Amino acid sequence: MEPRSAAAAGKDFPYTARTTCYVEVHEDGTVTHGGGHAAYERAVAGKSRLFAVWPGEWSSHLFVIDDLDEYAKAHGIKHDEERTGLKEHVHDVQWEPNPYGESSPRSPYLSVSVTLDCGCEIHDLRTFAAQMKAQQGWDVATSGGWGSSGAPGGKREYSLRVRRRSLTG
Ligand SMILES: [Zn+2]
């Protein structure tokens, strides 16, 4: 069976779907299962080749991961501005306690309303949380609800939960 090209499938390729299984073929012919960061490094170095099995409804297809850049972006190994909506810079963040947020005074988390003056948008909360941890020391809750509001094309307002103590720094 000739493997298909994941690169040809572009952004539609389900790199991170739970049903996508990765197979790594090493230089010596050994076959191991699973992708991840180490597998990516080996593939980039030419020490192995990565394949993915994409189970279809009627049959499974074998794909060769021939766009390692796209693979790395999908898995968060490389920063992806398009997927996350976030530039790799220090964000210009405005925030205030969210008056409509449900945060009990006893909760370690405070509901805050956040706007980004730098033009970024939050499409991926985990990436934003990691950036804010590094930039301002914020502990942004990544489990549970978060949301955004605002007119299309206008500035978006995000409602997030941040650990109180990390806000006052
Ligand atoms: Zn930004």
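This passage describes the overall fold, the zinc site, helix 5 and several individual residues of a predicted model.

Residues are numbered from 1 along each chain as its sequence is written, and side-chain values use heavy atoms, with hydrogens and water left out. Because the model is predicted, local features need pLDDT of at least 70 and side-chain atom pairs count only at pLDDT 80 or more, whereas totals for chains, interfaces and linings use all residues.

The protein chain contains 6 helices and 9 strands; helices (H or I, at least four residues) and strands (E, at least two) are DSSP runs, numbered from the N terminus. The radius of gyration of the protein chain is 20 Å, well over the 15 Å that the globule rule gives for 169 residues, so the chain is more spread out than a compact globule. This radius is taken over C-alpha atoms, and the globule rule is 2.2 Å times the number of residues to the power 0.38. Along the principal axes, the C-alpha atoms fill a box of roughly 60 × 30 × 30 Å. Of the 169 residues, 32% are buried, where buried means under 20% relative accessible area, exposed over 50%, and partly exposed in between (1.4 Å probe, protein chains only). Among contacts (heavy atoms within 4.5 Å) with a separation of 6 or more, 56% are between residues 24 or more positions apart.

The zinc ion has as its protein donors H89 (NE2), H91 (ND1), C118 (SG) and C120 (SG), at 2.0 to 2.3 Å. Donors are N, O and S atoms within 2.8 Å of the metal (3.2 Å for Na, K and Ca); water is not among the atoms, so sites may look incomplete. The arrangement is tetrahedral because the 4 donor atoms subtend angles of 102 to 116°. Four donors count as tetrahedral if all angles lie between 85 and 135 degrees. For comparison, the ideal angle for four tetrahedral donors is 109.5 degrees. Along the chain the donors follow the spacing H-x1-H-x26-C-x1-C. H89 and C118, 29 residues apart, link distant parts of the chain: H89 is in the loop between helix 4 (81–84) and strand 6 (93–97), and C118 is in the loop between strand 7 (109–116) and helix 5 (125–136). H89 is partly exposed, with a relative accessible area of 27%, and C118 is also partly exposed, at 23%.

D117 likewise lies in the loop between strand 7 and helix 5 and is partly exposed, at 35% relative accessibility. Not counting residues up to four places away in sequence, D117 touches D92, Q94 and K155. The side chains of D117 and Q94 are joined by a polar contact of 3.2 Å. A polar contact is a pair of N or O atoms within 3.5 Å; within protein, one must be able to donate a hydrogen and the other to accept it, and residues adjacent in sequence count only if both atoms are side-chain atoms. D117 and R83 are 34 residues apart along the chain, with their C-alpha atoms separated by 19 Å.

Helix 5 has 12 residues, which at 1.5 Å a residue should span 16 Å, and its end C-alpha atoms are 15 Å apart, in agreement. The expected span is 1.5 Å times one less than the number of residues. L125, T127, F128, A129, Q131 and M132 of helix 5 are buried. The buried residues of this helix pack against helix 4, strand 6, strand 7 and strand 9 (157–163). Just after helix 5, G137 takes a positive phi of about 80°.

Two acidic residues elsewhere in the chain, E70 and D80, are buried. E70 lies in helix 3 (residues 68–74) and has a relative accessible area of 10%. Leaving aside neighbours within four places in sequence, E70 is in contact with K11, Y15 and R83. D80 lies in the loop between helix 3 and helix 4, at 6% relative accessibility. D80 touches K11 and K73, with residues up to four places away in sequence not counted. A polar atom of the D80 side chain lies 3.0 Å from the backbone nitrogen of E82.

A8, in helix 1, is exposed at 68% relative accessibility. The C-alpha atoms of A8 and D67 are 8.9 Å apart, with their positions 59 residues apart in sequence given as the separation. A17 is in the loop between helix 1 (6–9) and strand 2 (21–26) and is partly exposed, at 27%. A17 and G119 are 102 residues apart in sequence and 29 Å apart C-alpha to C-alpha.

Definitions and conventions: Four donors count as tetrahedral if all angles lie between 85 and 135 degrees; four count as square planar and six as octahedral if opposite donors are over 155 degrees apart and all others between 65 and 115; anything else is irregular.
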